[in-house]
Amino acid sequence: MPEPLKVLTSRTLVLTQANIDTDQIIPARFLTTTETTGLGQKAFYDWRYEADGSARPEAVLNRIDPAEHRILVAGDNFGCGSSREHAPWALYDYGFRAVISTSIADIFTSNALKNGFLPVVVDQATWEDLVANPEQVVTVDLEAGEVRRGNHAPVAFAVEPFARQCLLDGVDTLGWLQKHMPDIEAYERTQSEQALAPEPA
Amino acid sequence: MSRPRTLFDKVWDAHVVTRETPETPGVLYIDLHLVHEVTSPQAFTEIEARGLKVRRPDKTFATLDHSTPTLPAIDGQLPYVTAEAKSQVTRLEENCGRHGIDLAGWGSPDRGVVHVMGPELGLTQPGMTVVCGDSHTATHGAFGALAFGIGTSEVGHVLATQCLLQRKSKAMRVTVTGALTPGVSGKDMALAVIAELGFGGGTGFVIEYAGEAVRSLDMEGRMTLCNMSIEAGARAGMIAPDAVAIDWLRGRKHVPQGEAYEARAAEWLTLVTDPGAVFDAEIVIDGAAIRPMATWGTTPDAGSPIGSRVPEPKSDSDRKALAYMGFEAGETTTTQAVDVVFIGSCTNGRLPDLRAAAEVLRGRKVKPGVRMLVVPGSEAVRRDAEAEGLHHVFTEAGAEWRIPGCSMCIAMNGDFVAPGQLAVSTSNRNFEGRQGKGARTILASPATAAASAIAGVLTDPRVYLSETAHA
């Protein structure tokens with residue numbers, strides 16, 4: 001269960017490329033793990049390391065201090081591709097807590113929100129400004145639903161209301177779903193009654 | 001009279017346990033949960049840590065496909081790529097044993113790539129909700145099921161409750177009109193649709209595929225089309241069940257048998273979009289204009305008819321993609337030597353896919369220097385293909401005939417394309433490094449892959465198909 005996440009202030013790391021898919025975030029050959037932790041070392045592995053395993057000194061992800069760059073700014077359609085939840089696990093373990101983009105893939109969004117990793121979608125002009133000013137200090141305020149930076153007017157962003165509440169309050173979604181067990185059992189009874197009903201003449 | 005509903009509406013409505021509100025998502029009941037070794041171990045760990053059991057093992061089916069070797073055992077030892085891959089498989093075997101889940105594991109005649117196996121066994125049925133921790137779960141929508149990929153947290157939710165918290169997606173209809181021309185397959189249609197929609201064009205939507213050209217596809221072609229919905233960003237793709245679907249499923253292991261089947265089939269045939277139902281978005285594509293397609297970039301929407309020129313890059317991302325692929329704008333992609341050809345995957349690892357490839361290859365040879373791998377999608381596909389002698393066609397041409405699995409599509413089992421090598425692949429993703437670090441992938445149909453193996457360059461299969469027809 002993720003820690004509550006309300007307000008996040010950090011420098012940004014900018015990766016302008018569009019369509020950063022989950023195979024880039026965590027290559028498939030690292031998916032043989034049976035844990036959720038320790039994947040930060042493998043985050044963006046093929047961007048950061050040569051075929052022989054040596055680090056690429058020019059790779060920005062090898063140069064920054066992750067503790068000072070909690071917010072990733074990335075190109076359109078971030079997190080597309082495979083449904084692997086290893087992608088937000090890897091991003092979180094590396095040190096990121098949020099991504100800001102102009103669009104973010106559905107399954108990635110769903111996975112991220114369950115792991116205390118905030119997907120933030122902003123308009124093109126805001127995104128371009130974020131890209132033009134890398135390393136700036138940005139505040140992502142989930143409670144207020146806005147992105148703030150420098151002297152700019154706050155920019156609103158939306159998060160699915162239930163997921164937002166879960167992140168703010170640290171609600172356990174599986175526990176919440178389990179509270180619906182009487183409804184689920186009632187649904188199953190109607191289904192089995194229908195299945196046993198005689199065929200209409 | 002009630003409001004006209006889409007196919008998606010009908011399947012959705014039938015599975016709502018509690019309705020969504022502005023504050024909370026709805027609870028959606030899941031009829032079939034498919035499980036594989038890669039995206040499930042952490043979910044089992046999570047529910048066990050909470051002292052929970054798998055609530056409906058009877059609605060849960062597992063297979064081994066992603067981390068499994070496609071070469072046979074040596075001295076009784078399967079050649080796993082790493083000890084960790086082996087232990088991941090062992091973990092699923094243990095989890096299934098402990099929770100009473102049917103596993104099509106090693107030695108099972110049912111084992112296969114999860115999205116090949118489910119329909120084959122009749123686990124997938126029209127009108128069902130189907131989920132799996134795998135984005136290509138959309139495949140099952142070919143039968144009029146609402147099928148979509150989920151993350152591992154949600155795998156845990158379904159294991160524990162048989163339900164998911166969901167908000168309803170928007171609906172899009174993609175109508176492909178007219179008749180496909182000879183040599184054009186469901187894969188070409190999928191690549192044409194994705195090129196039209198764009199890589200993220202389906203984000204937030206469930207797609208219903210309709211139209212004469214879609215109806216003309218066999219079930220395997222429809223599965224290929226639905227399978228790649230996620231490559232346009234759509235979590236699910238659906239096709240209304242018709243006589244083709246009913247005939248395909250009849251007699252399969254998990255469907256009702258005899259008269260009970262015919263009664264069920266009559267219900268399934270009502271799963272159609274009502275006249276007048278409204279979609280949030282509609283696009284129409286001329287099926288007669290689709291040609292054999294291939295990708296030139298590193299996203300699945302970067303596709304065009306084979307032989308057309310690579311378009312001018314419009315962004316830095318496009319330029320990066322062309323630099324990675326080693327292609328130049330304004331040139332064709334049909335002159336670079338191909339190193340690897342892969343036929344298989346949940347997209348194109350079914351019997352008609354192998355037949356299409358074999359038809360091109362029969363009596364011909366894979367060009368020296370090209371490595372060709374043919375990996376059937378399941379044990380059943382392997383049995384059927386071998387009964388027809390297709391494996392001889394492949395091996396006599398110089399290709400490798402492997403054990404079923406995901407193999408080179410996701411390249412996590414030791415089957416991979418080496419750095420810098422160019423592959424023509426029947427799989428679903430041409431992302432950087434998808435088929436191995438530094439691998440360059442061209443996505444195409446099985447017939448195109450086979451033709452490219454013979455010529456040693458990306459080749460329109462109609463060249464060989466017309467030769468065969470005139471021979």
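## A parallel pair in chain B

Let's start with two neighbouring strands. In this predicted model, strand β4 of chain B, residues 60-63, is joined to β5(B) by three bridges, and the two run parallel. One facing pair to look for on screen is Thr63(B), which sits opposite Ala104(B) in β5(B).

## The sheet around them

Zoom out a little and that pair turns out to belong to an open sheet of five strands in chain B, ordered β5-β4-β3-β6-β7, with parallel pairing. The edges are taken by β5 (102-104) and β7 (146-149) of chain B; each has a single partner strand, so one side of each has no neighbour in the sheet. On average, neighbouring strands here are turned by 20 degrees against each other, ignoring direction.

## Chain B as a whole

Chain B carries 17 helices and 19 strands. Its radius of gyration comes out at 21 Å, close to the 23 Å that the globule rule gives for 471 residues, so chain B is as compact as a globular protein of that length. If you like to think in boxes, the C-alpha atoms of chain B fill one of roughly 60 × 55 × 50 Å along the principal axes.

How much of chain B is buried? Of its 471 residues, 61% count as buried. There is also plenty to see in how the chain folds back on itself: take the contacts in chain B between residues at least 6 apart in sequence, and 75% of them join residues at least 24 apart.

## Domains, and where two of them touch

The domain assignment splits chain B into domain 1 (7-166), domain 2 (170-289) and domain 3 (294-469). For domains 2 and 3 of chain B, the C-alpha centres are 24 Å apart, and 17 residues of domain 2 are in contact with 21 residues of domain 3.

On the domain 2 side of that contact, α6 (186-197) and α8 (219-227) of chain B each supply at least two residues. The largest share, five residues, comes from α6(B). Sorted by class, this side has seven nonpolar, five polar and five charged residues.

## Where chain A meets chain B

Now for the partner chain. Here 46 residues of chain A are in contact with 57 residues of chain B. Which helices of chain A each supply at least two residues to the side that touches chain B? They are α1 (22-25), α5 (106-113), α7 (161-169), α8 (173-178) and α9 (181-196). By class, the chain A side has 14 nonpolar, 19 polar and 13 charged residues.

Notes. Residues are numbered from 1 along each chain as its sequence is written. Chains are lettered from A and ligands numbered from 1 in the order in which they are written. This is a predicted model: local features need pLDDT of at least 70, side-chain atom pairs count only at pLDDT 80 or more; totals for chains, interfaces and linings use all residues. Two residues are in contact if their C-beta atoms, placed from the backbone, lie within 7 Å. Helices (H or I, at least four residues) and strands (E, at least two) are DSSP runs, numbered from the N terminus. Ala, Val, Leu, Ile, Met, Phe, Trp, Tyr, Cys and Pro count as nonpolar, Asp, Glu, Lys and Arg as charged, and the others, Gly among them, as polar. Two strands pair if DSSP finds at least two bridges between them. Axes are lines fitted to C-alpha atoms, for helices over the stretch in contact, and angles run from 0 to 180 degrees between N-to-C directions. Domain bounds come from an automatic or database domain assignment. The radius of gyration is taken over C-alpha atoms; the globule rule is 2.2 Å times the number of residues to the power 0.38. A residue is buried if 20 or more other C-beta atoms lie within 10 Å of its own, exposed if 12 or fewer, and partly exposed in between; C-beta atoms are placed from the backbone.
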